[in-house]
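Please open the structure in a viewer and follow the stops below in order. Each stop names a selection and then describes what is found there.

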Amino acid sequence: MDVPNAGTRGPAPANPGVIAAGLDPANPLRDPRDRRIPRVAGPCVMVMFGVTGDLARKKLMPALYDLANRGLLPPGFSLVGFARRDWEHEDFAQVTYEAVKEHARTPFRETVWQQLSEGVRFVPGEFTDDEAFDQLAETVRQLDHERGTGGNYAFYLSIPPKFFSTVVQQLKRSGLSDPGPAGPDGRTPWRRVVIEKPFGRDLATAKELNDVVDAVFPAHSVFRIDHYLGKETVQNILALRFANTLYEPIWNRSYVDHVQITMSEDIGIGGRAGYYDGIGAARDVIQNHLLQLLALTAMEEPVSFDADSLRQEKEKVLSAVRLPADLALGTARGQYAAGWQGGRQVTGFLEEDGIPADSRTETYAAIKLSVDTRRWAGVPFYVRTGKRLTRRMTEIALIFQAAPHLPFAATDTKELGKNALVIRVQPDEGVTLRFGSKVPGSAMEVRDVNMDFAYGESFTEASPEAYERLILDVLIGDPPLFPRQEEVELSWRILDPVEQFWAENTKPEQYASGGAGPASADALMGRDGRAWRRL
């Protein structure tokens, strides 16, 4: 039986008494306060463009299976693939099966796969092929009839941005973007479009992309996916701050010395040369992932956890971000050179297949930012990202000010650093609090110790993959974790001057693979009397 939910409700009038009781008007037996009942998507079809890519194979298809395995998709859920392949439905089902078997997070169960595979369809064609999109429209209409999907369609654009305009216009021409009138039950079908980053390559192209999408889909139907916002640890930033009284009183300029936000990778560009060259680390990671983490860290408490309230607070922070006056001293960038990593010799960026020998694209970027608000005035935020570094890690570290007075001898505290609160986003999700403690013994010696919380040790249920949460939110129609266009444009306003300065004035500095990045990044911190946390 299809389970109704907020994502599939139409304008049918609700019972005021039911609402007053806090119950779901579509299902009076369900109380949204009962956390034992998970959110389940209603009947729908997901149409996936770009099904031959790594993202679809390694993340999206496995995430759909994991949702089905957890009972969060309705029995009639259907998946339609669209690509330039001469495949039948069975061929696409086999591709999906292999992707699920190899990459799914949850155990493989044949009964779950059989139910999911019954709704798998494939439509071959080019993005410019009108006939293929007409066939796609006919395919989803057949699924409505055969599997009761109710005319609810989510279009996932896992494709390069240059094709967005073509696909969106084809959805409009074929009538797929038009939900049509309400049905006999009073419910209006929905249409939603999911856009993968990058959301443009600068402010101008981001606006152009938005104009294309807005001409076909209303703003509330556009879901821009930043998979970092689907991670449990990122969402836990809000819980850590606003569900506790312990941290918020010291989460400000009176106690925090500076903030470091890091995303490091131990891999190179892999097979992404065609995408990565000309984009670089700052556009690929800082503009979206790291500035979103900064916004969540620096934002004020929202009035509620609804999408508009969260987005308003994030936008306030992004509009208050300021660049350093001298970008030569306040930024650093580099390219990984040949070296040793993980016990094997690896090539440099300029020797990668498909990369021009004179490429100026950075694989490491670091920027010093400030947030011009009463809470954060004078507190620098250092963001950095890089490839071929020591290890894979993403974290947010609040480094607190040193104690104003220490009644100990200098030798007693020579191994004492500054207090720190570190939110580990990946891979070892959790939170670490670093503080000073006396070393056992007859002497008064104080050194740093860690108090640690790890998701894997504190909860019996494993954290879902980020795409599981985000895809489910799309199907339900829950938008808090998706940045809207205003956030995207504000982020580009921050990064565009940096990119322009780099293009006109600097060349990326070479750094050895397997190390901590270029010397210029260490100098950036050293000029402020600070140092990066060790990778």
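**First stop: the end of the chain**

Select Asp528, which is partly exposed with a relative accessible area of 27%; buried means under 20% relative accessible area, exposed over 50%, and partly exposed in between, with a 1.4 Å probe and protein chains only. This is a predicted model, in which local features need pLDDT of at least 70 and side-chain atom pairs count only at pLDDT 80 or more, while totals for chains, interfaces and linings use all residues. Residues are numbered from 1 along each chain as its sequence is written, and side-chain values use heavy atoms, with hydrogens and water left out.

Add Lys368 to the selection: its side chain meets that of Asp528 in a salt bridge (3.0 Å, N to O). A salt bridge is a side-chain nitrogen of Lys or Arg within 4 Å of a carboxyl oxygen of Asp or Glu. The pair links distant parts of the chain, with Asp528 in the segment after α16 (519-526) and Lys368 in strand β12 (residues 364-371), 160 residues apart. Helices (H or I, at least four residues) and strands (E, at least two) are DSSP runs, numbered from the N terminus. Lys368 counts as partly exposed, at 25% relative accessibility.

**Second stop: Glu395 and Arg533**

Next, select Glu395 and Arg533, whose side chains form a salt bridge (2.6 Å, N to O). Glu395 belongs to strand β14 (residues 393-400) and Arg533 to the segment after α16, so the pair links distant parts of the chain, 138 residues apart. Is each partner buried or partly exposed? Glu395 counts as buried at 4% relative accessibility, whereas Arg533 counts as partly exposed at 23%.

**Third stop: Lys59 and Glu465**

Now select Lys59 and Glu465, which meet through their side chains in a salt bridge (3.1 Å, N to O). Lys59 lies in helix α2 (residues 54-69) and Glu465 in the loop between α13 (455-458) and α14 (466-476), so the pair ties together parts that are 406 residues apart in sequence. Lys59 is partly exposed at 35% relative accessibility, and Glu465 is partly exposed at 23%.

**Fourth stop: Pro302**

Select Pro302 in the loop between α10 (280-298) and α11 (307-320). Pro302 is buried, with a relative accessible area of 13%. Then add Ile476: the C-alpha atoms of Pro302 and Ile476 are 22 Å apart in space, and the two residues are 174 apart in sequence.

**Last stop: the whole chain**

Finally, display the full protein chain, which has 16 helices and 18 strands. Of its 535 residues, 51% count as buried. The structure holds 29 salt bridges.
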